[in-house]
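This report walks through one model, starting from the aromatic side chains and ending with the reliability of the coordinates. The sequence and the structure come first.

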Amino acid sequence: MYSETELSNIINLYEKRREYNSQYSKTRYSADQNYKESRKQQSASWYNENKSKKKDYYLRNKEKISIQKKWNYAVMTNNQKKFLDKYPEEYQKYILSTLKD
């Protein structure tokens, strides 16, 4: 489909674009204290106005969040086998469904 030169050109353009985006965000957003402060205020006000939304989301997904945290801990400590023995149904229901997506 593509020749070697075309593929290398596409990869080089992609890498340059990623580098540019990284530098842009570092100079535009990370270095600008006014921007950081405005975003912090915006997120704090959103959170204070929508506490009930966050609580509802957590209550709806409490079991899923709990199992995902336990799975991440099992992966981090290399105890996946133990987790699979202890929570086989939850693994099938929550973990495998997220891995397929």
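In this predicted model, tyrosine 29 has a relative accessibility of 31% and therefore counts as partly exposed. Tyrosine 24, with a relative accessible area of 39%, is likewise partly exposed. The ring centres of tyrosine 24 and tyrosine 29 are 6.2 Å apart and the ring planes stand at 90°, so the pair is edge-to-face, since planes over 60 degrees apart are classed that way. A tilted pair is formed by phenylalanine 83 and tyrosine 87, whose centres are 5.1 Å apart with 50° between the planes. Phenylalanine 83 is buried at 5% relative accessibility, and tyrosine 87 is buried at 17%, both values falling under the 20% limit for burial.

The count of aromatic pairs comes to 6. Ring pairs join Tyr20, Tyr24, Tyr29 and Tyr35 into a cluster, and arginine 28 lies over the face of tyrosine 35, at 5.1 Å from the ring centre.

The accessibility values of several residues discussed in this report are collected below.

| Residue | Relative accessibility | Class |
|---|---|---|
| Tyrosine 24 | 39% | partly exposed |
| Tyrosine 29 | 31% | partly exposed |
| Phenylalanine 83 | 5% | buried |
| Tyrosine 87 | 17% | buried |
| Asparagine 21 | 38% | partly exposed |
| Asparagine 78 | 59% | exposed |
| Lysine 93 | 52% | exposed |

Phenylalanine 83 and tyrosine 87 also belong to the largest nonpolar core, which has 8 residues in all and further includes Ile67, Trp71, Ala74, Tyr91, Tyr94 and Ile95. Helices α4 (62-76) and α6 each supply at least two residues of this core. In soluble globular proteins, nonpolar side chains tend to be buried together. Isoleucine 95, once its neighbours within four places in sequence are set aside, is in contact with Ile67, Gln68, Trp71 and Glu90.

The buried residues of α4 are Ile65, Ile67, Trp71 and Ala74. With 15 residues and 1.5 Å a residue, α4 should span 21 Å, and its end C-alpha atoms are 21 Å apart, so the expected and modelled spans agree. Following α4 comes asparagine 78, which has a positive phi, near 60°, and which is found in the loop between α4 and α5. Such a positive phi occurs here in a residue other than glycine, and asparagine 78 counts as exposed because its relative accessibility is 59%.

Two C-alpha separations relate positions along the chain to positions in space. Lysine 93, found in helix α6, is 29 residues from lysine 64 in sequence and 8.9 Å from lysine 64 in space, C-alpha to C-alpha; the relative accessibility of lysine 93 is 52%, so this residue counts as exposed. Asparagine 21 lies in helix α1 (residues 4-30), and its C-alpha atom is separated by 36 Å from that of lysine 62, with the two residues 41 apart along the chain.

How confident is the predictor in these coordinates, and which element has the lowest mean pLDDT? The chain averages a pLDDT of 91, and 98% of the residues score at least 70. Among the elements of the chain, helix α6 (residues 88-100) has the lowest mean pLDDT, at 82, whereas helix α5 (residues 80-86) has the highest, at 94. Where pLDDT is low, the predicted coordinates should not be read in detail.

Key
Residues numbered from 1 in each chain as written. Predicted model: local features only at pLDDT ≥ 70, side-chain atom pairs only at ≥ 80, totals over all residues. Heavy atoms only, no water. pLDDT = per-residue confidence, 0-100. Helix = DSSP H or I, 4+ residues; strand = E, 2+ residues; numbered from the N terminus. Core = buried A, V, L, I, M, F, W, Y, C linked by side-chain atoms within 4.5 Å. Buried < 20%, exposed > 50% of the residue type's maximum accessible area, 1.4 Å probe, protein only. Contact = heavy atoms within 4.5 Å. Phe/Tyr/Trp six-rings, centres within 6.5 Å; stacked < 30°, edge-to-face > 60°. Lys NZ or Arg CZ within 6 Å of the ring centre and 35° of its normal. Expected span 1.5 Å × (residues − 1).
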